[in-house]
Structure formats: C-alpha cells, structure tokens
Amino acid sequence: LSRLMKISEIQHICEVAADRSSAVNGWAWRILGEYKISGDGDDTAAIVCFQQALRCKDIQAPQSDSLGVFYSDPKDMLEGESEEASRTWSALAMSYRRLGKYSAALRGYEAALASSSSGELSPDVFCGWAQVELDLGMYDEAAQKCSRVLMSLDAPRKIKRLAAYIQGESLLCLARVNIQQGKFGACFEHLNAGITMIAAQEKEGFRYCEAKLLGDLYS
C-alpha cells in the first residue's frame, strides 16, 4: 500500500500498525516520519518516527526474516539487497539537518552510507551531507561530496547545480583558510577552481546567490 497510495491516504493504517508491539512495523514508523515532514512539517516528530523505524527488524535486517522480501522496495530486490535502512538513516539525517543539529545529521549520513549495500547514496542526499559538512567547517569533505554528485550520471540538473554552488562555497572557505595559513598557491588554486565551477552556470542564467558567490571568489 505504501508504494501504491499517497502517504496521507494510509496514515491511519500506519498509526494502527505502529501502535502494535511488533519487531516488523518499522515500515509504518518510516511512513509516519515521511508524513510528519510532508504533511505537518514537523521534523522533531519525524525524528522520533525514524528512530523507532531503525529499531525494527524489517528495516535493519529484512533478510533475516522469512517474509523479508516483502518488506523492501521491489527495485532493491532486483539488485539483491534492501536499502530500507540506508533510506531511513538518510531521512533521519535530513530532519536533523533542517533542525540545525549538524553533528547528529553527520552521524546519520555516515550510517546511511555504511548501511548502503551499493556503497552509494542518492545525489540529493550527498548534497545534504555536503551542506552539513560545509556548516561544520569540513570544507574538503564537502567539496568531495559535491564532486561525487557532479560526476553522477543519474543526478538531475537542478541537483548538480546545487552541488556546484555548495562546492563553490567550500572552495571559497578553503581559500580563506589558505590565506590565514600563508598558503597563497593553494588559495589561488581553490579560488580558480571555484570560479570555473560557478562561471559554468552562466549559460543557464545566474541566480542571485551564484552571482554573489562568483563576486566573492573574484574579490
């Protein structure tokens, strides 16, 4: 039902399922978490739901249950592994990020990658992770995450543009650190890379934030 109907249409079913004492109702908690975000805009409540979901066997270890194949997205099963835990960790991390709890968000993103059978996350998740690292002063790491998005063949254009902007911000911050450390050669390299990255967006028309960042990089 969760893959065939809107979240709002199965909210009551999920509430009933989540109210049961069960080790395999993580799916209900996860959907309720998604509803708390999309319907109520309540990340605090969503965090509680995602945490509950991650305690359940159908999210953390569906392969250990005889009915585990029914707990996961069929697309995952074609690839041989469930990604439910990784997606739930990603959703939890994104809620933490929106609340400004960056250290908790960072741990959530790390857990999402660790629990991914493919060793990959979706491009929008990598962008969220990069933003958290930028906010925490982890500029090199943020730039690397953005590079993964920019090299992805599956990332939508708007996500790649966001990654380019975050990477430009990271490179500017690195350049400022380089100046303080007297590393002028590294500073020039980071500024030049940032200018090249942001200037490439001109063909689609600059947004205000991109134009401002480009000015900061030149100055």
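A salt bridge here is a side-chain nitrogen of Lys or Arg within 4 Å of a carboxyl oxygen of Asp or Glu. Keep that rule at hand for this tour of a predicted model.

**Stop 1: the whole chain**

Start with the protein chain in cartoon view. You will find twelve helices and zero strands, so to speak an α element at every step from the N terminus on. Now switch on the surface: the protein chain exposes about 11800 Å², and carbon and sulfur atoms supply 54% of that area. Of its 219 residues, 45% count as buried. Contacts also reach along the chain: among those with a separation of 6 or more, 51% are between residues 24 or more positions apart.

**Stop 2: Glu210 and Arg161**

Side chains of opposite charge can pair when their charged atoms come close. Select Glu210 and Arg161 to see a salt bridge, with 2.8 Å from N to O. Glu210 belongs to helix H12 (residues 208-218) and Arg161 to helix H10 (residues 157-180), so many as 49 residues apart, and the pair links distant parts of the chain. Are these two residues buried or exposed? Both Glu210 and Arg161 are buried.

**Stop 3: Glu133 and Lys145**

Next, select Glu133 and Lys145, whose side chains meet in a salt bridge at 3.1 Å, N to O. Because Glu133 lies in helix H8 and Lys145 in helix H9, this pair ties together parts that are twelve residues apart in sequence. Glu133 has a relative accessible area of 2%, which means that it is buried. Lys145 counts as buried too, at 12% relative accessibility.

**Stop 4: Arg148 and Glu120**

Stay with helix H9 (residues 139-151), and pick Arg148 there. Arg148 forms a salt bridge with Glu120, and their closest N and O atoms are 3.0 Å apart. Where does Glu120 sit? Glu120 is in the loop between helix H7 (102-114) and helix H8 (123-135), 28 residues from Arg148, and the pair links distant parts of the chain. Arg148 is partly exposed, with a relative accessible area of 32%. Glu120 is partly exposed as well, at 41% relative accessibility.

**Stop 5: a network**

Finally, select Arg30, Glu34, Glu84 and Arg87 together. Salt bridges that share partners join these four residues, Arg30, Glu34, Glu84 and Arg87, into one network. How many salt bridges does the rule at the top give? The count comes to ten.

Key:
Residues numbered from 1 in each chain as written. Predicted model: local features only at pLDDT ≥ 70, side-chain atom pairs only at ≥ 80, totals over all residues. Heavy atoms only, no water. Helix = DSSP H or I, 4+ residues; strand = E, 2+ residues; numbered from the N terminus. Buried < 20%, exposed > 50% of the residue type's maximum accessible area, 1.4 Å probe, protein only. Contact = heavy atoms within 4.5 Å. Areas by Shrake-Rupley, 256 points an atom, 1.4 Å probe, with all protein chains shown as cover.
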